[in-house]
Amino acid sequence: MMEEYATALAKRISGLFQYKLTGVYLHGSLVMDCFNPEISDVDLLIIVENGLGKDEKEALDALFLKEYRGDHLPAKGLEVSVIIRGNVRPLLYPTPFEYHFSDMHIDAIRRGAATFPATDPDIAAHIAVIRARGRVLIGEPIEAVFAPVPYHYYMKSIYYDIHDAEADILKQPTYMILNLCRVYQFCIKQSVASKKEGGEWGLQSLPVRFHPIIQKALKVYETGGIWQTAVEEEASLTDFAVYMTSIIREKSINFLDHDDNLKI
């Protein structure tokens with residue numbers, strides 16, 4: 001159902017660009033078999049042959065804002081970035097983008113205060129997911145468009161999300177627990193994983209003392225519930241964040257040494 005919606009939206013996007021469009025590519029939870037309409041969004045990368053004009057950005061604003069007036073989007077809505085093809089083959093890091101739309105920026109977009117182009121370290125991780133698990137909604141094949149992602153770019157991209165885990169885990173326990181698990185999974189297995197897959201791997205690979213909070217994070221994530229932090233859990237959450245950031249820093253050194261021969 002939601003993939004059909006994403007495909008229909010890609011066709012409407014195509015009508016805005018015509019010859020300029022390279023393709024529209026689906027990534028995120030929809031391609032990693034962990035989509036939950038209560039907590040997920042629809043993640044798209046749009047690749048274009050050259051830069052966007054003011055009229056094209058305004059047309060995208062109008063299209064996406066109209067989508068938000070309907071009732072068919074998941075809880076977190078849309079996350080869309082538009083990138084020039086020459087910035088993904090070869091891949092530039094942090095990757096420049098021409099346009100972005102998401103819940104985080106929607107108020108600025110409505111006010112006309114959003115400022116693009118800019119750069120985003122997360123795009124390298126999105127491209128790695130597209131190359132590993134993504135889907136073409138419209139346009140050219142993935143392998144023809146996206147260059148392989150060097151390990152150190154991917155590591156930097158996912159590390160960016162967990163660099164302040166000790167503070168963030170008390171604010172967003174479900175997200176941080178599962179994200180720390182999947183980052184560590186990459187350090188060990190060099191595999192691109194979803195948050196759900198990371199948590200499941202953590203139950204098999206991490207000390208037993210952390211299993212209760214990992215199990216709780218998985219349950220909250222899968223049901224779309226809200227994590228109610230008990231006072232006695234706070235010490236366990238902090239302990240988990242300290243332990244995970246320490247071992248991730250130790251293991252990630254191998255991938256942050258700029259070895260361009262290792263690619264996803």
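**View 1. Pro 90 and Pro 94 in the loop between E3 and E4.** This close-up of a predicted model starts at Pro 90, found in the loop between strand E3 (78–84) and E4. Look at the peptide bond leading into Pro 90 from Arg 89: this bond is cis, with omega near -5 degrees. Pro 94 lies in the loop between E3 and E4 as well. Its bond from Tyr 93 is also cis, and omega here is near -10 degrees. For background, most peptide bonds are trans.

**View 2. Phe 146 and the residues around it.** Here we've zoomed in on Phe 146, which sits in the loop between helix H5 (142–145) and H6. Is Phe 146 buried or exposed? Phe 146 counts as buried, because its relative accessible area is 0%. Setting aside residues up to four places away in sequence, Phe 146 touches Tyr 25, Leu 45, Ile 47, Val 88, Arg 89, Ile 127, Ile 130 and Arg 131. Arg 89 may ring a bell: the cis bond to Pro 90 starts from Arg 89. Take Ile 130 too: from Phe 146 to Ile 130 is 16 residues in sequence, and their C-alpha atoms are 8.5 Å apart in space.

**View 3. Helix H4 against helix H6.** Two packed helices are described by the angle between their axes and the distance between the axes. In this view, helix H4 (residues 123–133) packs with helix H6 (residues 151–159) at an angle of about 115 degrees, and the axes are 7 Å apart. The crossing of H4 and H6 is left-handed. Which residues in H4 and H6 meet? On the H4 side you'll find Ile 123, Ala 124, Ala 125 and Ala 128, and on the H6 side Tyr 153, Tyr 154, Ser 157 and Ile 158. Sorted by kind, the residues of this contact come out as seven nonpolar, one polar and no charged.

**View 4. An aromatic cluster and two of the ring pairs.** Searching the whole structure turns up 12 aromatic pairs. Phe 64 and Tyr 99 make one such pair, a tilted one, at 6.3 Å centre to centre with 35 degrees between the planes. Phe 64 is in helix H2 (residues 54–67) and Tyr 99 is in strand E5 (residues 99–101), so this pair ties together parts that are 35 residues apart in sequence. Both rings belong to buried residues: the relative accessible area is 0% for Phe 64 and 2% for Tyr 99. Now follow Phe 97 and Phe 116, which form a tilted aromatic pair with 5.6 Å between centres and 55 degrees between planes. Phe 97 belongs to strand E4 (residues 95–97), while Phe 116 is in the loop between helix H3 (106–111) and strand E6 (118–120), so the pair links parts 19 residues apart in sequence. Phe 97 is buried at 7% relative accessible area, and Phe 116 is buried at 18%. Where do these four rings end up? Together with Tyr 68 and Phe 101, the residues Phe 64, Phe 97, Tyr 99 and Phe 116 form one aromatic cluster.

**View 5. Thr 174, Trp 227 and charges over rings.** Thr 174 is part of helix H8 (residues 173–189). With a relative accessibility of 13%, Thr 174 counts as buried. If you leave out neighbours within four places in sequence, Thr 174 is in contact with Ala 217, Val 220, Tyr 221 and Trp 227. Trp 227 has another partner to look for: Lys 216 lies over the face of Trp 227, at 4.4 Å from the ring centre. Elsewhere, Arg 209 lies over the face of Tyr 243, with 5.4 Å to the ring centre.

**View 6. Gln 18 and Asp 33, with positive phi.** Most residues other than glycine have a negative phi. Which way does Gln 18 go, positive or negative? Gln 18 isn't a glycine, yet its phi is positive, at about 55 degrees. You'll find Gln 18 in the loop between helix H1 (2–17) and strand E1 (21–27). Gln 18 is exposed, with a relative accessible area of 61%. Asp 33 is also a residue other than glycine with a positive phi, near 55 degrees. Its place is the loop between E1 and strand E2 (42–48). Asp 33 is exposed too, at 66% relative accessible area.

How values were computed
Residues are numbered from 1 along each chain as its sequence is written. This is a predicted model: local features need pLDDT of at least 70, side-chain atom pairs count only at pLDDT 80 or more; totals for chains, interfaces and linings use all residues. Side-chain values use heavy atoms; hydrogens and water are left out. Rings of Phe, Tyr and Trp (its six-membered ring) pair if their centres lie within 6.5 Å; planes under 30 degrees apart count as stacked, over 60 as edge-to-face and the rest as tilted. Helices (H or I, at least four residues) and strands (E, at least two) are DSSP runs, numbered from the N terminus. Buried means under 20% relative accessible area, exposed over 50%, partly exposed in between (1.4 Å probe, protein chains only). A charge sits over a ring if NZ of Lys or CZ of Arg is within 6 Å of the ring centre and within 35 degrees of the ring normal. Axes are lines fitted to C-alpha atoms, for helices over the stretch in contact, and angles run from 0 to 180 degrees between N-to-C directions. A crossing is left-handed if the near helix is turned anticlockwise from the far one by less than a right angle, and right-handed if clockwise. Contact means heavy atoms within 4.5 Å. Ala, Val, Leu, Ile, Met, Phe, Trp, Tyr, Cys and Pro count as nonpolar, Asp, Glu, Lys and Arg as charged, and the others, Gly among them, as polar.
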